[in-house]
Amino acid sequence: MYAVLYDATRCVGCNKCVQACTSVNRLDPEIPDPTTEADGLSGRRWTSIVQVPGKKRYVKKQCLHCLHPGCVSACLVGAMTQSPQGPVLYDRGKCMGCRYCMIACPVGIPRYEWDKAIPYIQKCNLCAERNAQDKKCACVEACTHGALQQGERGEMLAKAHRLIADNPGQYLDHVYGERELGGTSVLYLSDTPLEAVLRFPANLREVSVPEITWPVINKTPAVALTALGLLVGTYWIIERRIKLAEKEESRSGENNQPDKGPGR
């Protein structure tokens, strides 16, 4: 299982990683959109660089590729899956547009193409196709400041802890994503707290995604069945009204026929 390690102390906010992601994934040009949130992610942007409020530090935002992804558990049709290598992947061919994955994600990453006639979910796929060809993620390859590294997750964690130990005072003694949400494939080093930017509440450090998303997931079948029942009921009512209207029209037509008396 591979992972990406992001070092916030090395990032200069150049956005080369964002440009590389946009180019490799052939994403549409970004447009001003009121549904785009302040984190810069949207249906046209899978990764973004945001500044830590009040600090001269930048943070890369993207899908964290949780080891126990809530979006996969919540998906009713298997459009969200997790590969053995780590990436959480989306199959638009299976998606029915329910957007349960958006509700189930505890850090609010998946986005919807609100501006398109046929919309889909959009999010980072950790360059799964490139990695299958022994290529690094586009963002990692594009970074010229050493802020992004890629390798086996255990190797990246060991490297992160080694950097913390070898550079006293340069980093917080914490690797974001090591335990949060049950562990993620995107890891962060920083010299300033990132909980707020990453949407990692401090009390979730030892909590896994299934524990967080269970209140949503366990209601999914009931919600789906209720919606199905409403659709079936609505269809039956409409069909009944149509048939009654046709019968009424038929009777009205018969009553309006001219009366042909005897001998006519």
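In this predicted model, the largest pocket holds about 480 Å³ of space. Its lining comprises 17 residues, and those closest to the centre of the pocket are Asn25, Trp46, Asn125, Ala128 and Glu129. Sorted by class, the lining is made up of 7 nonpolar, 6 charged and 4 polar residues. Three elements of secondary structure, namely β5 (88-90), β7 (121-122) and α4 (128-132), each contribute at least two residues to this lining. Helix α4 supplies the most, with 3 residues.

Attention then turns to the charged side chains. The model contains 8 salt bridges, and a few of them are worth a walk through the structure.

One of them joins lysine 116 to aspartate 28, with a distance of 2.9 Å from N to O. This contact bridges distant parts of the chain: lysine 116 sits in the loop between β6 (111-112) and β7, whereas aspartate 28 sits in the loop between α1 (16-24) and β2 (48-51), and the two are 88 residues apart. Lysine 116 has a relative accessible area of 31%, so this residue ranks as partly exposed. Aspartate 28 is likewise partly exposed, because its relative accessible area is 32%.

A second salt bridge brings together the side chains of aspartate 39 and arginine 111, at 2.7 Å from N to O. Aspartate 39 belongs to the loop between α1 and β2 and arginine 111 to strand β6, so their contact ties together parts of the chain 72 residues apart in sequence. Both aspartate 39 and arginine 111 are buried.

Another pair, arginine 130 and glutamate 141, meets in a salt bridge at 3.1 Å from N to O. Here the link runs between two helices, with arginine 130 in α4 and glutamate 141 in α5 (residues 138-142), 11 residues apart. Helix α4 is also the element that gives the most residues to the lining of the largest pocket. The two partners contrast in their surroundings. Arginine 130 has a relative accessibility of 15%, which is under the 20% limit, and therefore counts as buried. Glutamate 141 reaches 53%, which is over the 50% limit, and so counts as exposed.

Shared partners add one further feature to this picture. Asp28, Glu113 and Lys116 are joined into one network by salt bridges that have partners in common. The contact between lysine 116 and aspartate 28, described above, involves two members of that network.

Definitions and conventions: Residues are numbered from 1 along each chain as its sequence is written. This is a predicted model: local features need pLDDT of at least 70, side-chain atom pairs count only at pLDDT 80 or more; totals for chains, interfaces and linings use all residues. Side-chain values use heavy atoms; hydrogens and water are left out. On a 1 Å grid over the protein atoms alone, a cavity is a set of points where a 1.4 Å probe fits but cannot get out, and a pocket is an open set with protein on both sides within 12 Å along at least five of seven lines; lining residues have an atom within 4 Å of a point. Grid points are joined across faces, edges and corners, and a volume is the space filled by probe spheres set on the points. Helices (H or I, at least four residues) and strands (E, at least two) are DSSP runs, numbered from the N terminus. Ala, Val, Leu, Ile, Met, Phe, Trp, Tyr, Cys and Pro count as nonpolar, Asp, Glu, Lys and Arg as charged, and the others, Gly among them, as polar. A salt bridge is a side-chain nitrogen of Lys or Arg within 4 Å of a carboxyl oxygen of Asp or Glu. Buried means under 20% relative accessible area, exposed over 50%, partly exposed in between (1.4 Å probe, protein chains only).
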